[in-house]
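Subject: A structure for you to look at

Hello,

Here is the structure I promised to hand over. Please have a look at it first, and then read on for my notes.

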Amino acid sequence: MRRVLALGLLGLAAAGCAVGPSYKRPDTGTPVNWRPASAITDSLGPFYDSLATHRDTIALDPAAPAGEDTNAAMALQADTVPDLAWFDLLADPALRELVDSALFANRDIRIAVARIDEFRGLAGVAKSELFPQLFLNGEAGRVKNRLGTAVHYNYLQVTADLQWELDFWGRIRRSSEAAKSDLLASQEGQRVVILSLVGDVAIAYLHLRQLDLSLEVSRRTLAANLETLRLARRRFNEGLISELDVRRFESSVAGPAASVAQFEGQITQTENLLSLLVGRNPGSIVRGRALTEVLGTLTVPAQLPESLLERRPDVREAEAALHAATARIGAAKGAQLPVISVTGDYGTFATRTSDLGKAQSETYQIFGGVSIPLFTGGRLSSQVDVAEARAEQARYGYEQTVLVALREAEDALAGIRSSRNQVIAEQTQVDALRRALHLAELRYQAGASSYLDLLDAQRSLFVAELELADAQGQEATAAVTLYRALGGGWPVSPADSVAAP
């Protein structure tokens, strides 16, 4: 028996290669550098920079200074940004707490963790076939035979049974290789879920802060318009203006009032969405830093090398799936070859308990066998065709994932550029309209202009402030989108991308 085991081990050692193709990453033809910005973007860059650094208007509201550039610290640099940990990008303690809660309690994360446990077990099952399978068996009974001479006796038997398939062709090794790649794919799938979840939480939270800002603008405008209406009624009582003027001032109050009701409802709905993402019942959400403060500390790179897309978990997941599918081709081809196996048992057989384990009760048998598939009706060759077709699907899936990743990263880079310039332009417009409203109020009070000028100035500023809040929210969302498109940060190695909760 020892000789058979030694020969089996020698055969395994000699079998250095396995049937079927070995995995090699396909060439996707991805570009080395990012696509440069358009000529129009480059030509307008100095103009937007000048808007961000030069203000010729004055502050009219201490709560919202006109000369404050909320994006002054937001720099679009070259590839000089150091490695970023999770959401150091948006340094908001409330957001970080929400992310931590989501990673701990979100059900999708728990499902992903359970899937990893499943594939880890399947990998262990596949690997176990490489080793001899030993089973301890025991049997006891009584035999009685009346044919010829009557024989009857009790017997006890304890044996260790051996089953071992010698993996000369590498079928089992290919199966184990595929199972390990499935495990890796499930781990990357968990990172995909984490990345998506963190991005969803961040975007929902930033949208909530945008709604808070819009609600603040609406309430402030409503209060200002109510004060203007109060002054208009007083001037009407003094006979200085007509009732038509008063009615038009009353109508100017309705717009901000409707916006207040609209934003309050949207805030509640967004809080409920965040509660769902973090795995708890609907309720209020604790706020952190204001949206303008978050944008003030935002720093993102203007362009990044394409190699960072390899940190995207969905790309690595697709590649692991391709590796597994390639390995299964070898497993399918190995099933067409002879199966060489060793079976046997060793133990003790006796008619009395006291004789168990003694030399005279020793029993063993050892067999070497070979099973050659001669005719299976095309089943084995069809299994090879299936494996090759699935590998082809996985290859195209991997290539498509890479293309999608490139597109998302390009879109995110373009979005962060355009949203930054849009905020700068919107901020300039708001500053100018605040100054215009201040002048319209002075001229109206002095009787130098009509109420229509004042109403138009109020309405224009209100619309511009809401558009500015929307643009600031889009800029913050664009930063999260870029962060997510690049795999959740810029790690030094794939292991540094994101850890399991």
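Before we get to the rings, a definition: two rings of Phe, Tyr or Trp (its six-membered ring) form an aromatic pair if their centres lie within 6.5 Å. Please also keep in mind that this is a predicted model.

With that definition, how many aromatic pairs does a search of the whole structure find? The search finds two. One of them is formed by Phe 168 and Trp 169, with 6.3 Å from centre to centre and 50° between the planes. That angle makes the pair tilted, because planes count as stacked under 30 degrees and as edge-to-face over 60. Both residues are partly exposed: Phe 168 has a relative accessibility of 27%, and Trp 169 has 32%.

Tyr 346 and Tyr 364 also form a tilted pair, 6.3 Å centre to centre and with 35° between the planes. This pair links distant parts of the chain, since Tyr 346 lies in strand β5 and Tyr 364 in strand β6, 18 residues apart. Is Tyr 364 buried or exposed? At 55% relative accessibility Tyr 364 counts as exposed, because the cut-off for that is over 50%. Tyr 346, at 41%, counts as partly exposed.

Those two strands bring us to the sheet. It is an open sheet of four strands in the order β2-β3-β5-β6, and the pairing is antiparallel. β2 (133–145) and β6 (362–371) stand at the edges with a single partner strand each, so one side of each has no neighbour in the sheet. On average, neighbouring strands here are turned by 20° against each other, direction ignored. Further in, β3 (residues 151–166) and β5 (residues 339–350) run antiparallel and are joined by 11 bridges. If you would like a place to find this pairing on screen, Asp 161 has Asp 345 in β5 as its bridge partner.

Next, the helix α5, which covers residues 171–237. Its 67 residues should span 99 Å at 1.5 Å a residue, and the end C-alpha atoms are 97 Å apart, which agrees. Just after α5 comes Gly 239, with a positive phi of about 80°.

Finally, there are two places where a charge meets a ring. The charged end of Arg 110 sits over the ring of Phe 104, 5.9 Å from the ring centre. Arg 395 has its charged end over the ring of Tyr 396, at 4.6 Å from the centre.

Enjoy exploring!

Best wishes

How values were computed. Residues are numbered from 1 along each chain as its sequence is written. This is a predicted model: local features need pLDDT of at least 70, side-chain atom pairs count only at pLDDT 80 or more; totals for chains, interfaces and linings use all residues. Side-chain values use heavy atoms; hydrogens and water are left out. Two strands pair if DSSP finds at least two bridges between them. Axes are lines fitted to C-alpha atoms, for helices over the stretch in contact, and angles run from 0 to 180 degrees between N-to-C directions. Buried means under 20% relative accessible area, exposed over 50%, partly exposed in between (1.4 Å probe, protein chains only). A charge sits over a ring if NZ of Lys or CZ of Arg is within 6 Å of the ring centre and within 35 degrees of the ring normal. The expected span of a helix is 1.5 Å times one less than its number of residues.
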